[in-house]
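Biologist: Please give me a close look at a single part of this model, and then follow its neighbours through the rest of the chain. I would like each term to come with its cut-offs.

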Amino acid sequence: MAIVYHNTDDNYRWVEKAIHAVMPSTSKSYIATKYVLSTPPPYGRSAVLPWVMGWLGGPVTQLHDWMLDHFGLETGSDYFDKFIMIVPVLVLLAIGQLVASQLDGGSKTKKKAKKTKKQ
């Protein structure tokens, strides 16, 4: 069985009569909440942000709050979404560059050793 509450009317205005709560129970009960958004969240918030929050946690929340304070609600939120997408990409590029330089560095030392042996 499912109970669905609509907290807004057709014009997306808050309906006070829709306020509801769960009564205390002596038996075990489970409650699932699902939010249906009018616009889908950006990819950074739905896919990347959970991973970043799992690794860093609190500092990400502080960064979000700082961006909202300094740039405003809409602009700060947009900047945060862009930041959340670009930082993991930069980290992956840095790791790729490090691996490439390590692999390339090994071949350069072999070439130098061959050159010294020929002389």
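Modeller: The bend at a residue is the angle between two fitted axes, one for the seven residues ending there and one for the seven starting there. Helices (H or I, at least four residues) and strands (E, at least two) are taken as DSSP runs and numbered from the N terminus. This is a predicted model, in which local features need pLDDT of at least 70 and side-chain atom pairs count only at pLDDT 80 or more, whereas totals for chains, interfaces and linings use all residues. Residues are numbered from 1 along each chain as its sequence is written, and side-chain values use heavy atoms, with hydrogens and water left out.

The part I choose is helix H1, which covers residues 43–56. Its 14 residues reach 19 Å from the first C-alpha to the last, close to the 20 Å expected at 1.5 Å a residue, where the expected span is 1.5 Å times one less than the number of residues. Within H1 there is a kink of about 45° at Leu 49, shortly before the proline Pro 50. Just after H1, Gly 57 takes a positive phi of about 65°.

Burial is judged by relative accessible area: buried means under 20%, exposed over 50%, and partly exposed in between, with a 1.4 Å probe and protein chains only. By this criterion the buried residues of H1 are Gly 44, Val 48, Leu 49 and Val 52, so that the kinked residue Leu 49 is itself counted as buried under the 20% limit. For the protein as a whole, 12% of the 119 residues count as buried.

Three of the residues in H1 enter the largest nonpolar core, a nonpolar core being a set of buried Ala, Val, Leu, Ile, Met, Phe, Trp, Tyr and Cys residues joined through side-chain atoms within 4.5 Å. The 7 members of this core are Val 48, Leu 49, Val 52, Val 60, Met 67, Phe 80 and Ile 84. The elements that give two or more residues to this core are H1, helix H2 (58–71) and helix H3 (73–118), and the largest share, 3 residues, comes from H1.

The contacts of individual residues, where contact means heavy atoms within 4.5 Å, show how H1 meets H3. Leaving aside neighbours within four places in sequence, Val 48 is in contact with Tyr 43, Ile 84, Met 85 and Pro 88. Ile 84, which lies in H3, counts as buried at 5% relative accessibility, and with residues up to four places away set aside, Ile 84 touches Gly 44, Val 48, Leu 49, Val 52 and Val 60. Ile 84 and Arg 45 are 39 residues apart in sequence, yet 7.9 Å apart in space, C-alpha to C-alpha. Arg 45 is also touched by Asp 81, as is Pro 42, again not counting residues up to four places away in sequence. Asp 81 is found in H3 and is buried, with a relative accessible area of 13%. Val 87, also placed in H3, is partly exposed at 31%, and its C-alpha is separated by 9.6 Å from that of Val 52, which is 35 residues apart from Val 87 along the chain.

The wider chain gives this picture its frame. The protein has 3 helices and 0 strands, and follows the pattern α-α-α along the sequence. Among contacts with a separation of 6 or more, residues 24 or more positions apart account for 36%.

Away from H1, the aromatic rings deserve a separate note. A pair of aromatic rings is described by the distance of the centres and the angle of the planes. Rings of Phe, Tyr and Trp (its six-membered ring) pair if their centres lie within 6.5 Å, and planes under 30 degrees apart count as stacked, over 60 as edge-to-face and the rest as tilted. The structure holds 2 aromatic pairs. The rings of Trp 66 and Phe 71 have centres 5.9 Å apart and planes at 85°, so this pair is edge-to-face. The rings of Phe 71 and Tyr 79, with centres 4.9 Å apart and planes at 85°, likewise make an edge-to-face pair. Ring pairs thus link Trp 66, Phe 71 and Tyr 79 into a cluster.
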